[in-house]
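This report describes how the strands and helices of one protein chain are arranged around its interior. Please look over the sequence and the structure before reading on.

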Amino acid sequence: MKDYPFELAKVLPVNQDTKVERGRPITCREWDSYPSIFLLSTDPECWNNKSILDVGSGDKWDDPSRTFPGAKVCAIDPEFGEKGRIKWNTAHETVPGIVQNIPYGDESFDHVVSSHAVTQHVSPKDMSVGVLEMLRVAKVSGDVRLVPCIPKDLSGIDGMLMEAGFMIDLSQTGSDGPMAIINAGPDIQDPATKAVVLNKIRTSMGLAEKVS
Ligand SMILES: C[S@@+](CC[C@H](N)C(=O)[O-])C[C@H]1O[C@@H](n2cnc3c(N)ncnc32)[C@H](O)[C@@H]1O
């Protein structure tokens, strides 16, 4: 258990949507809301040895182990760290980072999720780069989940992804609005193929190839 500047009992339930810190609004959602935001399994049995990366996670003040027992839950946000405005996040691992250059290797997570961050806080071009990064660190058997996401949000990258063999499901809506679920289709059966097709898309966008 990490050291907190307060007793968790005093701040739970953490269900206020917006906390104002140094004049800037930051959202603050409890991990318990993640299954309904991202339509993830509520079966505690299914999470053992699974992994989740939350991109642009913001503050989190409750323990992800309650919601995802046995899973490793990691978070990146540019605002983590000494100079960032986010001081406390209860993910099992918190790393300062941006979606455009995720500080994890290929095939690291079963689910790579982002709520109200990647589709709302980065430019369209950076969001396309970010989606490629989220797919890179997601396992070939895993997926990327973006909330809220409407077809227009993916218009800079959806054609290239589908041509390369990824599948994009925009039909589902969770508690925080419409979601995109992106995963490898049947033509992308192994990590090596996934890495090659993602690098082809990067090259066509004028980006350097990524080597994990
Ligand atoms: C509105 S908050 C959402 C926080 C949390 N995901 C939620 O739904 O409560 C947006 C977050 O995106 C983060 N962010 C901004 N630019 C980012 C980037 N390029 N990559 C990753 N996260 C970013 C911000 O620091 C902020 O914590």
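## Strand pairing around E3

Strand E3 is joined to strand E4 (residues 72-76) by five bridges, and the two strands run parallel; within this pairing, Ser 51 stands opposite Lys 72 in E4. The description rests on a predicted model. E3 also pairs with E6, again in the parallel sense, over three bridges, and here Leu 53 stands opposite Val 112 in E6.

E3 is mostly covered, with five of its five residues buried. Both of its faces are covered: Ser 51, Leu 53 and Val 55 lie on one side, Ile 52 and Asp 54 lie on the other, and all of them are buried.

## Helix H4 and its surroundings

Helix H4 comprises 14 residues (124-137), which at 1.5 Å a residue should span 20 Å, and because its end C-alpha atoms are 20 Å apart, the expected and modelled spans agree. H4 is mostly covered, since eleven of its 14 residues are buried. The buried residues run from Met 127 to Val 137 and include Ser 128, Gly 130, Glu 133 and Arg 136 as well as nonpolar residues such as Val 129, Leu 132 and Met 134.

The buried residues of H4 pack against several elements, namely strand E3 (51-55), strand E6 (109-115), strand E7 (138-147), strand E8 (166-174), strand E9 (177-184) and helix H6 (191-204). E3 and E6, which pair with each other in the parallel sense, are thus both among the packing partners of H4.

## The nonpolar core

In soluble globular proteins, nonpolar side chains tend to be buried together. The largest nonpolar core in this model has 51 residues, and those with the most contacts inside it are Leu 53, Val 112, Met 134, Leu 135 and Ile 182. The largest share of this core, seven residues, comes from H4.

Two of these highly connected residues, Leu 53 and Val 112, stand opposite each other in the pairing of E3 with E6. Leu 135, a buried residue of H4, touches Val 144, Phe 166, Ile 182 and Leu 198, when residues up to four places away in sequence are not counted.

## The chain as a whole

The protein chain has six helices and nine strands, and of its 212 residues, 39% count as buried. Among contacts between residues at least 6 apart in sequence, 63% join residues at least 24 apart.

Conventions. Residues are numbered from 1 along each chain as its sequence is written. This is a predicted model: local features need pLDDT of at least 70, side-chain atom pairs count only at pLDDT 80 or more; totals for chains, interfaces and linings use all residues. Helices (H or I, at least four residues) and strands (E, at least two) are DSSP runs, numbered from the N terminus. The expected span of a helix is 1.5 Å times one less than its number of residues. A residue is buried if 20 or more other C-beta atoms lie within 10 Å of its own, exposed if 12 or fewer, and partly exposed in between; C-beta atoms are placed from the backbone. Two residues are in contact if their C-beta atoms, placed from the backbone, lie within 7 Å. A nonpolar core is a set of buried Ala, Val, Leu, Ile, Met, Phe, Trp, Tyr and Cys residues joined through C-beta atoms within 7 Å. Two strands pair if DSSP finds at least two bridges between them.
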